[in-house]
Amino acid sequence: MKVIFSFLFLSFSSIAIHLYQQKPLNQSIADGEEIYADFCLQCHMDNGQGVPGSFPPLAKSDYLKNIDQSIHAIKFGLKGPITVNGKSYNSNMISQGLDDEEIADVMNYILRSWGNKTDVIITEDKVAAIQK
Amino acid sequence: MKTKLCLFLGVFAIVSSGCDAQENGPKIELPNSIDYTYEIVADSIDIPWGLTFLNEKAFLVTDKAGVLYHIENGIKTEVDGLPQVYVRGQGGLLDIAVSPDYATTGTIYFTTSSPLGEDKGGHTALYSTQLENNTLVNTKLLYKGDYNTKKGQHWGSRISFDDAGHLYFSIGDRGNREVNPQDITRDGGKIYRLNLDGSIPADNPFVHLANSRAAIYSYGHRNPQGMVTHPETGEIWTHEHGPRGGDEINIIKAGKNYGWPIITYGINYSGTPITDITQKEGLEQPLYYWLPSIAPSGMAFVTSDVYPNWKGDLFVGSLKFEYLERLKIKSNKVVKREKILDSIGRVRNVEEGPDGFLYVGVEGKGILKIVPKS
């Protein structure tokens, strides 16, 4: 009996902690916009249009359909040729040193900006689960 | 009229193009004939930020990701013993330079983004160290900028020396342009001057001003990533990244204000203006400004006779346009610009080696040595 209570207690507290950590989506998007301006805008530009031939677009980018792959690129960097919307790119994107929460925020912002649409909410846990 | 034309054009050019000011000459040219080639002397380095020669055969290269390489006869070895490097945004392991008295003291200086201090985030730090058995020893923190911030931008950094026993290094505005560059009680947006032992020279311009950072030598800078000592005058020359447009070359003078962000030839990345003035009394004018921006990194004069016609010319890397730029300068005026190594990749650094050859750091490639064709 005692064990069951302990178990329930632990479950509730972990859920509570989890909910506490999870910030509202609109706050995440707002924070993500700031991160974008700080770390991403210089190459991917102010409307996510990228730079033809050098830096791929994020606006209506088919690369973003694979969310795990996109998170992986932000988290660990991206090297080697890729194809985005039918065009090939081969620039080196280095890891920006963002923490998991910041990556979740900037993903939530990117996935809802410049014509991008999604119902998916990226959480800190989701980012933490993406391994090298 | 210009404003009207801009507005008129603006209606059509909705795609982020603002009203950039007129291109600044002289126009960049391609060489008439290419009488040089290059060889790779260190390969596979992602961001070869700093480069310094221990002797004619061996050199050290920093990779921004926080790795220090020792290279001798084409063999690249990782050096141990770096302090904590805070890799964040444009920051990481930055410049490295042997001391002018390296032959007798073995002292090496380097700058890095550092999380040391109480506040969250980081700022640029300067260390001295020595190299023994491929390990850094006697590593000392000489200067640490504050206040820390989690901003990713503008850490600088470059290191140079004069012949009077001083070390100079740069820190960028750390992404806080409204506060840092014009406030000499805070770090960031400055060129600093120290003695070789890290102490502050008694004749630094702001030593007697209450609350000021006594190591500051000049201020009002945005993000200087090029610094070199002029081979004849001994003056410290720097360049810095402007915003969109307005990268600058400056000659650094004690206590002077180089104007960022009060005056600039650039505009915001979004196309909106930062200020409507490009000059103001009491603020230094650049020796040259690049418009459009080339995103300059690394800076070196050719002092040797290795290359025909290049002696005395200034070389600057372009991250944005992926070439090495050669600038011919007469009476402190840029009279000719030329693309060297066109489309080579993002040029992060350029140094003249003790053998008189130019060594160029290219992102993703490594270190290239420019060799005249015989």
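This is a walk through a predicted model of two chains, A and B.

Start with chain A. Its secondary structure comes to six helices and two strands. Read from the N terminus, the elements run α-α-α-α-β-β-α-α. The chain has 132 residues, and 26% of them count as buried. Take the contacts in chain A between residues at least 6 apart in sequence: 57% of these join residues at least 24 apart.

Now look at one helix pair in chain A. Two packed helices are described by the angle between their axes and the distance between the axes. Helix H2 of chain A covers residues 25-39, and helix H5 of chain A covers residues 100-110. They pack at an angle of about 95 degrees, with their axes 7 Å apart. That angle makes H2(A) roughly perpendicular to H5(A), because angles of 65 to 115 degrees count as such.

Which residues of H2(A) and H5(A) meet? H2(A) brings Leu25(A), Ser28(A), Ile29(A), Asp31(A), Gly32(A), Glu33(A), Ile35(A) and Tyr36(A). H5(A) answers with Glu102(A), Ala104(A), Asp105(A), Val106(A), Asn108(A), Tyr109(A) and Ile110(A). By class, this contact of H2(A) with H5(A) has eight nonpolar, three polar and four charged residues.

Stay with H5(A). The helix is mostly covered, with nine of its 11 residues buried. The buried residues run through Glu102(A), Ile103(A), Ala104(A), Asp105(A), Val106(A), Met107(A), Asn108(A), Tyr109(A) and Ile110(A). Charged residues are therefore on this list, since Asp and Glu count as charged. What covers the buried residues of H5(A)? The cover includes H2, helix H4 (67-76) and helix H6 (124-129) of chain A.

Next comes the contact between the chains. Here 15 residues of chain B are in contact with 12 residues of chain A. On the side of chain B that touches chain A, the residues divide into four nonpolar, seven polar and four charged.

Move into chain B and its sheets. One is an open sheet of four strands, in the order E7-E8-E9-E10, with antiparallel pairing. Strand E7 (93-98) and strand E10 (135-144) of chain B stand at the edges. Each has a single partner strand, so one side of each is left without a neighbour in the sheet. From one strand to the next, the twist averages 25 degrees. Within this sheet, strand E9 of chain B (residues 123-132) pairs with E10(B) in the antiparallel sense over seven bridges. To find the register, look for Ser128(B), which stands opposite Lys140(B) in E10(B).

A second open sheet of chain B also has four strands, in the order E15-E16-E17-E18, with antiparallel pairing. Its edge strands are E15 and strand E18 (288-290) of chain B, and each pairs on one side only. Here the twist averages 20 degrees from one strand to the next.

Strand E16 of chain B (residues 236-240) is worth a stop. Are its residues buried or exposed? Five of its five residues are buried. Both faces are covered. Ile236(B), Thr238(B) and Glu240(B) lie on one side, with Trp237(B) and His239(B) on the other.

E16(B) has a partner in strand E15 of chain B (residues 224-229), antiparallel over five bridges. Thr229(B) stands opposite Ile236(B) in this pair. E15(B) and E16(B) form a hairpin with six residues between them. In the turn, Gly234(B) has a positive phi of about 75 degrees.

Another partner of E16(B) is strand E17 of chain B (residues 247-252), which runs antiparallel to it and is joined by five bridges. Ile236(B) appears again, now opposite Ile252(B) in E17(B). The hairpin of E16(B) and E17(B) has six residues between the strands. In this hairpin, Gly245(B) takes a positive phi near 90 degrees.

Finish with the nonpolar cores. The largest has 76 residues. Which of them touch the most other members? They are Val61(B), Tyr168(B), Tyr192(B) and Val360(B). E7(B) gives this core its largest share, five residues. Leaving out residues up to four places away in sequence, Val360(B) touches Gly317(B), Leu324(B), Leu341(B), Val347(B), Val350(B), Leu368(B) and Ile370(B). Apart from this core lies another, of 17 residues. Among them are Cys40(A), Ile71(A), Val106(A) and Met107(A). Val106(A) and Met107(A) are also among the buried residues of H5(A).

Key:
Residues numbered from 1 in each chain as written. Chains lettered and ligands numbered in written order. Predicted model: local features only at pLDDT ≥ 70, side-chain atom pairs only at ≥ 80, totals over all residues. Axes fitted to C-alpha atoms, helices over the stretch in contact; angles between N-to-C directions. Parallel < 35°, antiparallel > 145°, perpendicular 65-115°, else oblique. Contact = placed C-beta atoms within 7 Å. Buried ≥ 20, exposed ≤ 12 C-beta atoms within 10 Å, placed from the backbone. Pairing = 2+ DSSP bridges. Core = buried A, V, L, I, M, F, W, Y, C linked by C-beta atoms within 7 Å.
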